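Subject: Structure handover

Hello,

Here is the structure I promised to pass on. Please open it alongside this note.

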Amino acid sequence: MESTLKLRWDLSAIKPATHAIRCEGFIGFLPSDTPFGCFTWVFKRVYGAIGVNYGTVADNLPPPDRVAQFLLQSTIINRVRLFDYNPDILHAFAHTGIAVTITVPNDQIPHLTKLSFAQQWLKTNVQPFVPATNIVRILMGNEVLSTANKLFISNLVPAIQTLHTALVNASLDRQIKVSTPHSLGILTSSSPPSTGKFRQGYDTHVLKPLLSFLSDTKSPFMVNPYPFFGCSAETLDYALFRPNSGVFDENTKLLYTNMLDAQMDAVFSAMKVLGYEDLEIVIAETGWPSKGDPAQVGVDPKCAADYNGNLMRHVTSSAGTPLMPNRTFEAYIFALFNENLKPGPICERNFGLFRPDMTPVYNIDILRSTASSSVPEKPGPSPGPFVAPPNPSPPSPSPRDGKQKQWCVPKAGVDSEALQRNIDYVCGLGLDCGPIQEGGPCFAPNTIRAHAAYAMNVYYQTMGRNDYDCDFAQTGTITYANPSYGRCKY
């Protein structure tokens with residue numbers, strides 16, 4: 001299995017990518033020919049948009065540090081959504097590069113309408129963990145409109161706006177976006193997809209102000225589509241992306257061959273009614289149980305594998321949907337583990353991709369072909385030997401501690417693939433990689449090894465110059481010889 005998709009830089013010539021996405025959570029630089037306010041990213045492999053929901057309603061799960069290393073080293077998953085902001089989990093994901101989404105519980109929404117509370121919440125629950133932990137998004141509640149709780153609903157958008165203001169004040173707003181996920185219960189009409197509309201009352205009083213905020217802050221609209229809950233024995237193949245006769249939308253003359261596309265296009269149609277059809281849509285939750293009650297349809301490992309495997313291939317294929325062609329979607333599979341304490345029917349405890357011992361419930365090619373990680377094990381990117389540029393400067397004392405200064409560079413003999421991953425990781429965190437862009441002072445020599453040396457050292461210096469900050473899956477080494485040359489300063 002190919003390694004995790006990383007956002008790959010074309011360092012030999014910065015050009016607009018074939019498939020570009022928003023670079024949320026990215027504090028970076030802007031090529032002159034890029035029209036979006038962020039760097040152009042290229043999908044090297046198809047799995048970069050696949051994440052997982054990491055729920056913890058269980059008493060038999062492995063500790064968070066084991067989970068983080070398992071995801072990093074043994075799976076292709078590089079995004080995780082949490083249903084809270086558990087500090088032990090946030091600590092565990094430090095230096096992995098895995099993009100983490102955290103969630104504010106619904107009952108805290110009213111409190112976060114106060115700026116002082118929002119600022120303190122950030123100081124306590126977010127700021128101690130960044131940038132070591134790659135927190136990219138905060139979700140304000142989960143399926144808030146479906147709760148019918150007037151206090152939560154009326155305060156939802158104000159709380160989101162206030163938390164964003166707190167992020168702005170902390171200079172974290174470009175790195176961390178705010179949104180909120182919705183069930184498809186927000187739709188009053190969804191079939192055929194072209195007739196999709198939001199529920200009256202919520203449409204103008206909650207969703208339109210929310211969509212306006214998301215558009216202004218370049219944050220996505222997030223939904224939790226579950227074909228599992230909408231299918232029957234007659235529509236099982238349609239729900240599982242299996243061959244079927246499809247469903248025809250008479251209004252658009254478009255044929256739907258799977259239920260997820262129909263659900264997504266219904267959401268798109270509802271957004272279009274309010275004038276926000278250009279907003280990115282993220283699938284915050286979707287999945288299929290591998291076990292259920294006898295009366296339920298399709299609750300077995302084969303159906304779960306078909307749905308989640310086909311989902312991964314579909315949302316990353318650039319096929320898009322009938323109304324949103326040529327799109328890829330960021331999608332989070334529910335869930336990472338079977339959770340034995342979840343209430344409700346049997347299926348609720350069997351949505352996991354993995355058992356608590358971290359063995360797969362079924363195979364959907366989400367495990368790496370080897371146990372070794374293609375993403376850096378500890379702090380940063382991958383390895384690569386470093387050939388020092390001409391006329392290295394002599395060692396100089398560190399202005400911070402008076403000791404001899406150190407730099408982090410690639411080990412000799414590291415392959416270019418590993419070095420490229422190091423570059424992707426560091427620059428994807430939002431650290432300043434501008435000098436190795438074309439025209440930058442460290443662009444020449446235009447080699448992956450030289451660029452990796454600069455990027456790895458940026459990470460090492462920024463993170464505090466600990467030995468493990470130069471590990472990079474055992475591809476980095478510390479040197480006392482200043483690699484700076486000419487205008488390129490390390």
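Below are the notes on helix packing, empty space and some backbone details.

This is a predicted model: local features need pLDDT of at least 70, side-chain atom pairs count only at pLDDT 80 or more, and totals for chains, interfaces and linings use all residues. Residues are numbered from 1 along each chain as its sequence is written, and side-chain values use heavy atoms, with hydrogens and water left out.

**Helix packing**

Two packed helices are described by the angle between their axes and the distance between the axes. Helices (H or I, at least four residues) and strands (E, at least two) are DSSP runs, numbered from the N terminus. Axes are lines fitted to C-alpha atoms, for helices over the stretch in contact, and angles run from 0 to 180 degrees between N-to-C directions.

Start with helix 4 (residues 150-169) and helix 5 (residues 202-217). Their axes come within 10 Å and cross at roughly 15°. That makes helix 4 roughly parallel to helix 5 (angles under 35 degrees count as roughly parallel, over 145 as roughly antiparallel, 65 to 115 as roughly perpendicular and the rest as oblique). The crossing of helix 4 and helix 5 is left-handed (the near helix is turned anticlockwise from the far one by less than a right angle; clockwise is right-handed). On the helix 4 side, the contact residues are Ile153, Leu156, Val157, Ile160, Gln161 and His164. They meet Tyr202, Val206, Pro209, Leu210, Phe213 and Thr217 in helix 5. Contact means heavy atoms within 4.5 Å. By class, this contact has nine nonpolar, three polar and no charged residues (Ala, Val, Leu, Ile, Met, Phe, Trp, Tyr, Cys and Pro count as nonpolar, Asp, Glu, Lys and Arg as charged, and the others, Gly among them, as polar).

Helix 4 also packs with helix 3 (residues 115-125): the axes come within 9 Å and cross at roughly 60°. Helix 3 and helix 4 are therefore oblique to each other. Their crossing is right-handed. Leu115, Ala118, Gln119, Trp121 and Leu122 in helix 3 touch helix 4 residues, including Thr162, Leu163 and Ala166. This contact divides into seven nonpolar, four polar and no charged residues.

**Empty space**

A 1 Å grid over the protein atoms alone was used: a cavity is a set of points where a 1.4 Å probe fits but cannot get out, a pocket is an open set with protein on both sides within 12 Å along at least five of seven lines, and lining residues have an atom within 4 Å of a point. Grid points are joined across faces, edges and corners, and a volume is the space filled by probe spheres set on the points.

The second largest pocket holds about 220 Å³. Of its 15 lining residues, Ser190, Ser191, Met259, Ala262 and Gln263 lie nearest its centre. Strand 9 (187-189) and helix 8 (259-273) are the elements that give two or more residues to the lining. Helix 8 has the largest share, four residues. The lining has ten nonpolar, five polar and no charged residues.

The whole structure has two cavities of 30 Å³ or more. The second largest has about 30 Å³ of space. Its lining is Pro360, Tyr362, Asn363, Ile364, Asp365, Ile366 and Leu367.

**Backbone details**

The bond from Ser191 to Pro192 is a cis peptide, with omega near -5°. Pro192 sits in the loop between strand 9 and strand 10 (197-198). Val130 to Pro131 is also cis, with omega near 5°. Lys218 is not a glycine, yet has a positive phi of about 55°.

Best wishes
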